[in-house]
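Here's a walk through one protein chain, from a helix tucked inside to the charged pairs on its side chains. Have the model open and click along as you read.

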Amino acid sequence: MRIVESHPPQYRPLAVVGAACGLRQGEIFGLAEEDIDFDEMVIHVRRQVKKLGRDFVFALPKNDTERDVPMSEGAGLVLQEHIAAVRPRPYTLPWEKLGGRPRTVNLLFRWTDDKHIRARTYDEMVWKAALAEAGVIPMPTKDARGRRQYKTARDAGMHALRHYYASITLADGVNIKELAEYLGHGDPGFTLRLYTHMLPSSHERARKAVDSRLSRLFSVTAHGAVTEPAPNDPRSTSGSRTTSQVLQPPE
């Protein structure tokens, strides 16, 4: 995926998590080393970095629900290499509210000032630059003060990685209920409405199902054999197989 590849190396693992695990932006920014379970190959989504006014807190993910997301071998390798390179250190923010009890985790991703990553800063300095590098949006112009100016659509945010995750998992057979759990949607019906256009064609699924279950039958008929004579056919014998016998699923 060109957008991920266009990220600077230090932030590429962050984009990998978005594309390969479908986490929300704030959940990625709040991800900690202790959330990565390399034994079970899952990511425990336990918190997000949330902005309250001009300040930030750690908070539960959207809908106040933790969840587990399966981690592919490729994503696991990227995160192992990232952890070995940056050696995550403790980072503290208030929990849920500005005066909340401090919560400390070994934060995976940090900005150049060694603090947590802020969404607006990441969007302007990294995400939009990656979009331009990948050819999704035009290269930036500069304003009178020499600041880069990007032209982007409202649907060109980091959420695109989450949609990408949904599209590839649905295409390879993950069902709507499972996807809803991985994305943290409280209602699978919402997931279905959001991604119904990404579901594989029902016609193609039906064709594959029939060909898979009746492959032996089709192989016989294709060679000119008669599986069952008609009831009034003089060739009919007492040893003829019934329709239900002929149509048994292959073992």
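## A helix on the inside

Let's start with helix H2, whose buried residues are Pro13, Leu14, Ala15, Val16, Val17, Gly18, Ala19 and Cys21. Buried here means under 20% relative accessible area, exposed means over 50%, and partly exposed is in between (1.4 Å probe, protein chains only). H2 covers residues 12-21, and eight of its ten residues are buried, so the helix is largely enclosed by the rest of the structure. Right after H2 comes Gly22, which has a positive phi near 75 degrees.

A word on the ground rules: this is a predicted model, where local features need pLDDT of at least 70 and side-chain atom pairs count only at pLDDT 80 or more, while totals for chains, interfaces and linings use all residues. Numbering runs from 1 along each chain as its sequence is written, and side-chain values use heavy atoms, with hydrogens and water left out.

## The whole chain

The protein chain has eleven helices and nine strands. Both are DSSP runs numbered from the N terminus: helices (H or I) need at least four residues, and strands (E) at least two. Of the chain's 251 residues, 36% count as buried.

How much surface does the protein chain expose? About 15,400 Å², with carbon and sulfur atoms supplying 51% of it. Those areas come from the Shrake-Rupley method with a 1.4 Å probe, and for residues only the protein chains shown count as cover. As for contacts (heavy atoms within 4.5 Å), take the ones between residues at least 6 apart in sequence: 54% of them join residues at least 24 apart.

## A three-stranded sheet

One open sheet has three strands in the order E1-E2-E5, with antiparallel pairing. Its edge strands are E1 (36-37) and E5, each of which pairs on one side only. Strands count as paired if DSSP finds at least two bridges between them. E1 and E2 (residues 42-45) pair in the antiparallel sense over two bridges, and Ile36 stands opposite Ile43 in E2.

## Two loop residues with positive phi

Most residues other than glycine have a negative phi. Asn63 isn't a glycine, yet its phi is positive, at about 70 degrees. You'll find Asn63 in the loop between strand E4 (55-59) and strand E5 (67-70), where it is partly exposed at 46% relative accessibility.

Glu96 does something similar: not a glycine, but with a positive phi of about 75 degrees. Glu96 sits in the loop between strand E6 (90-94) and strand E7 (102-106), and is partly exposed with a relative accessible area of 29%.

## Thr191 and its neighbours

Is Thr191 in helix H8 (residues 188-195) buried or exposed? At 0% relative accessibility, Thr191 counts as buried. Leaving aside residues up to four places away in sequence, Thr191 touches Ile176, Leu179, Ala180, Leu183 and His185.

With His185 there is also a side-chain to side-chain polar contact, at 2.7 Å. That term covers a pair of N or O atoms within 3.5 Å; within protein, one must be able to donate a hydrogen and the other to accept it, and residues adjacent in sequence count only if both atoms are side-chain atoms.

## Salt bridges

The structure holds eleven salt bridges, each a side-chain nitrogen of Lys or Arg within 4 Å of a carboxyl oxygen of Asp or Glu. In one of them, Arg46 pairs with Asp35, with the closest N and O atoms 3.0 Å apart. Arg46 lies in the loop between E2 and strand E3 (48-52) and Asp35 in the loop between helix H3 (25-29) and E1, so the pair ties together parts that are eleven residues apart in sequence. Arg46 is partly exposed at 29%, whereas Asp35 is buried at 1%.

Another links Glu181 to Lys177, with the closest N and O atoms 2.9 Å apart. These two are four residues apart in helix H7 (residues 176-183), which means they are separated by about one helical turn. Glu181 is partly exposed at 42%, and Lys177 is exposed at 53%. Asp187 and Arg193 also meet in a salt bridge (4.0 Å, N to O). Finally, salt bridges that share partners join Arg24, Glu27 and Arg67 into one network.
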